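Visitor: Got a minute to walk me through this one? I'd like to start with a helix and see what it packs on.

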Amino acid sequence: MTQLLGKLPTKVSSTLKILEERAAITQAVRSFFIARSFLEVETPIRIPAPAPETHIEPQKSEGWFLQTSPELCMKRLLASGCNNIFQICKCFRKGERGRLHLPEMTMLEWYRTNADYQQLMHDCENLLRFLIPNQNLVLGNKTINLNGPWLRITIDAAFKQFARMSLETALSTDSFEEILVVDVEPKLGINTPVFLIDYPAEMASLARLNPITPQTAQRFELYIDGIELANGFSELNDPVEQRLRFEKEREVIHSAGRSAGPMPENFLNDLGAMPDSAGIALGLDRLVMLLTNSQCIDQVVTFTPETV
């Protein structure tokens, strides 16, 4: 392997050491889920219709689309009788580029049947502790200990503590994403990992609502050192409600001057057969970045878009 890597072009962004560490992390992730009786699956990367999402723009591919997430197909597998499943795959999101973003990324996604978002949070804790046996994640010149309880904070409380405006004001002025990214995210997970939980219902179009507080959804994001690592939720499995939410998302997309694309009818047709489930997407590139103490996502991939 060393001889082959030695012949790679000089513009390859990762060092041999990072490539070896990335391979070991990926293998460890697989072993974690396989040991817990998850089935590894593969679903199509090129699909006829992605889920319409306001803040994610899919990449077109000859009339179809490259998946932004394997979510729809994996849920259809749950509807067909699969139980706990996971997948490591490529996903594509148009226009995403930065220190933490790539238009082509590697995603780890897993689903549990007869579970909710609380179980997914436990999965995240167990996965990171499995990957870091000494429980100390070194980032720059500081150490984040993974052994103690991981904090859970509602998004409403996070806005009250860190943001320049209330959650209600941010939503009413269409500033939610901006305030979340600029004011809130950099303050999360600095000393210990943090789960940001219970998103506003309108910011979780695929998630189940909280039965006690239906203005919020059972959605969370995991943050470590100000970096969003994962996004999970209890899955909505009502096809009528899901269609209504998709229509609202499509209206917002159209109002922004974009094409919403076709409705994912095959997914909606199968959704009613899906049992109560919970699913999560975790950015594998960002995970490798954190575990290798790298400063930029470019350092943990073989080629960046600019060097292919």
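Guide: Sure. This is a predicted model. In helix α8, the buried residues are Gln242, Arg245, Phe246, Glu249, Arg250 and Ile253.

Visitor: Why are those on the same side of α8?

Guide: Because they cover an arc of only 145 degrees around the axis, they end up on the same side of α8.

Visitor: And what do the buried residues of α8 pack against?

Guide: They pack against α9, residues 265-271.

Visitor: Which exposed residues sit on the face turned away from the buried side of α8?

Guide: That face carries Val240, Lys248, Glu251 and Ser255.

Visitor: How many residues does α8 have, and what does it span?

Guide: α8 covers residues 239-255, so 17 residues by the count. From first C-alpha to last it reaches 24 Å, close to the 24 Å expected at 1.5 Å a residue.

Visitor: What's going on at the start of α8?

Guide: A side-chain oxygen of Asp238 comes to within 3.0 Å of the backbone nitrogen of Val240 there. Past the other end, just after α8, Gly257 has a positive phi of about 85 degrees.

Visitor: Switching topic. At what angle do the axes of α2 and α10 cross?

Guide: Roughly 120 degrees, with the axes of α2 (residues 16-35) and α10 (residues 284-291) coming within 10 Å. The crossing is right-handed.

Visitor: Which residues make that contact?

Guide: From α2, Arg22, Ile25, Thr26 and Val29. On the α10 side, Leu284, Asp285, Leu287, Val288 and Leu291.

Terms used:
Residues are numbered from 1 along each chain as its sequence is written. This is a predicted model: local features need pLDDT of at least 70, side-chain atom pairs count only at pLDDT 80 or more; totals for chains, interfaces and linings use all residues. Side-chain values use heavy atoms; hydrogens and water are left out. Helices (H or I, at least four residues) and strands (E, at least two) are DSSP runs, numbered from the N terminus. The expected span of a helix is 1.5 Å times one less than its number of residues. Buried means under 20% relative accessible area, exposed over 50%, partly exposed in between (1.4 Å probe, protein chains only). The arc is that of the directions from the helix axis to the C-beta atoms. Contact means heavy atoms within 4.5 Å. A polar contact is a pair of N or O atoms within 3.5 Å; within protein, one must be able to donate a hydrogen and the other to accept it, and residues adjacent in sequence count only if both atoms are side-chain atoms. Axes are lines fitted to C-alpha atoms, for helices over the stretch in contact, and angles run from 0 to 180 degrees between N-to-C directions. A crossing is left-handed if the near helix is turned anticlockwise from the far one by less than a right angle, and right-handed if clockwise.
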